[in-house]
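This report describes selected features of the structure shown below. It considers the surroundings of the ligand and then one helix.

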Amino acid sequence: MTGATAVAHANIALVKYWGKRDAALMLPATSSVSLTLDAFLTTTTITLLDEGQPDQVELDGAPLTGLARTKVVRFLDLVRSQVPSERAGRGALVVSRNDVPTGAGLASSASAFAALAGAASRAYGLELDRRELSRLARRGSGSASRSVFGGFVRWNAGDLDDPARGDETSYAEPLPTAPDLDVAMAVVVLDAGPKRIGSREAMAHTVATSPYFPAWVEHTERDAAAATAAIAAGDLATLGEIAEASAMRMHATMLASYPAVRYLSAASLEVLDAVAALRADGVGAWATMDAGPNVKVLCAASDLAQVQAALAVRRGAGGSDRRVLAAWPGPGLRTEDLPGEDRPAGGPSGRGPSGRGRAVTRQVVASAPGKFFVVGEYAVVEAGYPGVLIGVERRVTLTLTETAEQGPIEQGRYVAAVRAVIGALATARGVTAAPYLMETSSALKDAATASTPARKYGLGSSGAVTVAAVRALDAWYGLGLTAAERLRAAILATLRVNPRASGGDVAASLLGGWVAYASPDRAWVAGRDADAPDAVAALVDEDWPGLEATALPAPSAFGLRIGWTGDPASTTDLVSAVRAVGVPTSFLTGSRDVVVDLRAAIDADDADAARDAVRRARVLLRGLGEHAGVAIETPELAALIEVAERHGLAAKSSGAGGGDCGIALGTLADEAGLAGDWAAAGVVPLALRVASPSQVVESVVGASTVTEENGDD
Ligand code: 2P0
């Protein structure tokens, strides 16, 4: 089968694009600056049909028709006009899916055309670098040029005088970003009301009729330069001010066209007021708006939960609460061939050990999410006793970059243990790989800001870094480990650092989502572990007694909320105190029953049974703390639990307890009410989504190949 799949994420402009100077070549009147978001994405698969067959285009399971289909077919024609091979005559089956919250009006032409550009160019065998991909995506939709890249991006207006030069020079590029610029966006979803004029038409109408348009162009070029500098300097306040001003100027310019184009609704204005009130309270939050009534609010990642909670509550005339989605910076375009595809000879493979001496640099980026215990903590440490955990969308990212000579890797004991385990596996399999540099970054804790100290939430960073290292080195050596082999390799490395670890955090980070876990018989593992490559390979290959890690179905009848109570007591102190007195058998068996019942409740999607299991787990953990003379459930956690119960949720401490986070499970009617009541009790609600699995993105910088491989085998 000949074809390719691409994934692209939406972006939100901080300095807006509004107006073209050349509609045929899709050249913008100004440069713009954006942030690519993780939360909204498009996945597009293109399969080439036989010569002469008409294109078929499907979006979210239904055939596209009319103008929407014509835009896609025209874009495919543009790609085919650049293809020298026999493929140019072949039609395409285009199957596209938007992952955006339903009914939120957030589907975006940016992610759609960036994904289409990636999938089409690859399916038709065009070897484009990222800049060329950005220029191509631009021809589908201007803002799509920016979604080729992740994070902060600038789309250059390009040469303004000569249209041909403009086409070559108008592309997006990733912006140098200060490492501590850790931002997020709260997306306030408002009723879209009657359908308004589309942005392409509205833009053309603004250019043609707004007397303010020349002033808009002049200001925007300056704003783009200032935003670029603020991003490089890590100056969020300046960036936020520019972003809000750019959005207001864009809407002012279109309000001045005749007849006026107005996307702002009364509800939008209320949110703009709420954002201004947040700022007056000293919280850094800045609003931006596009061609619709929704308001997106830029803030520091560490302020997101507070911003979300504040914007969710609608004050005054008895209105209902608003829906506020959370988004973080997202990645750029990824593409991959369909299975069975042969790359043209001599093209970069993007997989397996790197060929030395190539004029390109290979890079592997692996990431793994954080985790929370739902039930089973303390018991899961004993072989055969199960727990349920959940992966949450805060990631550790680890990047390997090809280098000339292998230098020392100083990334801590867990990474060192993974390097030893994967190195032994590679030796046993007779595989070598190029030397690499390794960098890690973690979003599992929030850096300090002027107003808040650094925050650590107990998200399981050692498990996440272990998993990210296994995924990265597996890809680097081209070992092609199965999911079960990755799990055993990661737990083996973990046990070499901490022989008492359960490995539950590793399983949750590897699989993402809801996970049932039982730890292996660690005495059995220790008895067989040895540095010899063959011993490691044998151990990673075979089943381990007791070990179970199973992805559970995501419940729809209930969800999890997470609250943070503040500084934790030391996990090791708590665990040592409990171990000193011994874990009573009644606790172990009680915990096992709870886990069995919660798994059944998840399978049956039964909220009442799930709450019952969580309440029993809470009682067991309090009893264990009393037995050992330590506060697993601190007074702050008790307050968190009582507030959650008032809102109809069942709650408990999570993990070792003694502080950190509590989890609350159930169906929440009043999101803002819980957030407000938790805040009044000194609990910070954490806006954490259920995580997708650990993942690897592999790229060859300087060539066109970017492959992504997901956690599922
Ligand atoms: C932006 N928007 O910069 C601006 C701000 C909406 C408001 O780019 O005609 O779908 O396909 O180039 O990219 C939306 O317009 O328009 C847009 P075309 P596009 O994000």
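## Polar contacts of the ligand

In this predicted model, an N or O atom in the side chain of Ser109 lies 2.7 Å from an oxygen atom of the ligand. Two other residues also approach ligand oxygen: a polar side-chain atom of Lys20 is 2.6 Å from an oxygen atom of the ligand, and a polar side-chain atom of Ser143 is 2.6 Å from an oxygen atom of the ligand. The protein buries 92% of the 460 Å² that the ligand exposes when taken alone.

## The shell around the ligand

There are 16 residues around the ligand, and those that come nearest are Tyr17, Lys20, Ser109, Ser141 and Ser143. By residue type, the shell consists of six nonpolar, five polar and five charged residues.

Which helix gives the most to this shell? Helix H5, which spans residues 199-209, does so with three residues.

## Helix H20 and its cover

Helix H20 covers residues 671-680, and its buried residues are Ala672, Gly673, Leu674, Ala675 and Trp678. In an α-helix there are 3.6 residues a turn, so residues three or four places apart point the same way.

Both helices and strands cover the buried residues of H20. Among the helices are H9 (304-312) and H19 (635-646); among the strands are E22 (559-564), E24 (661-666) and E25 (684-686). After H20 comes Gly682, which has a positive phi, near 80°.

Note on methods: Residues numbered from 1 in each chain as written. Predicted model: local features only at pLDDT ≥ 70, side-chain atom pairs only at ≥ 80, totals over all residues. Heavy atoms only, no water. Near = heavy atom within 4 Å. Polar contact = N/O pair within 3.5 Å; in protein donor to acceptor, adjacent residues only side chain to side chain. Areas by Shrake-Rupley, 256 points an atom, 1.4 Å probe, with all protein chains shown as cover. Helix = DSSP H or I, 4+ residues; strand = E, 2+ residues; numbered from the N terminus. Nonpolar A, V, L, I, M, F, W, Y, C, P; charged D, E, K, R; others polar. Buried < 20%, exposed > 50% of the residue type's maximum accessible area, 1.4 Å probe, protein only. Contact = heavy atoms within 4.5 Å.
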